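The report below looks at how one protein chain packs its interior, beginning with a single residue and widening from there to the cores and the aromatic rings.

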Amino acid sequence: MSFSWQGDSGAWYEFDVARAKRAWEPVGGVYIFVKPGDLPTLEAGGPAPLYISSTSSFLDALSRNDMWGAAQQLGAAEIHLMVIEDDARRMQVETDLIKAHMPILNRQTLRRVA
């Protein structure tokens, strides 16, 4: 199963959807902790991204991610994954998606220092 997210730039990105913990691969990419929408109608606004990040290894990032517990408390039940090997491209996609969606668990890291 896959799901597409639109970035602030207007670009669309297709992610694979993982609904349970699994054996993560040691490949890089962008991941999103997602609260699913109300199926089948999605009338509650559809899926909501709660946290967006990138990593050089899903194995390292997702096997012990501190933000997963907080995301689960907010209703996260899915992890959306997009494999991107290139470091610069990963950062560009992560930034584009965070700007577009401003996930609640990313907001504290985006605050400006006065």
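Leaving aside residues up to four places away in sequence, Leu-81 touches Phe-15, Asp-16, Ala-18, Arg-22, Trp-24, Val-30, Tyr-31, Phe-58 and Leu-62, where a contact means heavy atoms within 4.5 Å. The model is a predicted one, in which local features need pLDDT of at least 70 and side-chain atom pairs count only at pLDDT 80 or more, while totals for chains, interfaces and linings use all residues. Residues are numbered from 1 along each chain as its sequence is written, and side-chain values use heavy atoms, with hydrogens and water left out.

The protein has four helices and five strands, which follow one another from the N terminus as β-β-β-β-α-α-β-α-α; these elements are DSSP runs numbered from the N terminus, helices being H or I with at least four residues and strands being E with at least two. Among contacts in the protein with a separation of 6 or more, 70% are between residues 24 or more positions apart. Of its 114 residues, 41% count as buried, that is, under 20% relative accessible area, with over 50% called exposed and values in between partly exposed (1.4 Å probe, protein chains only).

The largest nonpolar core (buried Ala, Val, Leu, Ile, Met, Phe, Trp, Tyr and Cys residues joined through side-chain atoms within 4.5 Å) has 15 residues, of which Trp-24, Tyr-31, Phe-33, Leu-62, Ala-71, Ile-79 and Leu-81 touch the most other members. Two or more residues each come from strand 3 (29-35), strand 4 (48-55), helix 1 (58-62), helix 2 (66-73) and strand 5 (78-83), and helix 1 gives the most, with three residues. A second, separate core of twelve residues includes Phe-15, Val-30, Ile-52 and Val-93.

The count of aromatic pairs comes to five, where rings of Phe, Tyr and Trp (its six-membered ring) pair if their centres lie within 6.5 Å, and planes under 30 degrees apart count as stacked, over 60 as edge-to-face and the rest as tilted. Two of them are set out here.

| Pair | Centre to centre | Angle between planes | Class |
|---|---|---|---|
| Tyr-31 and Phe-33 | 5.4 Å | 45 degrees | tilted |
| Phe-33 and Tyr-51 | 5.7 Å | 35 degrees | tilted |

The pair of Phe-33 in strand 3 and Tyr-51 in strand 4 links distant parts of the chain, 18 residues apart. Tyr-31 counts as buried because its relative accessibility is 3%, Phe-33 is likewise buried at 0%, and Tyr-51 counts as buried at 14%. Together with Trp-68, Tyr-31, Phe-33 and Tyr-51 form one aromatic cluster.
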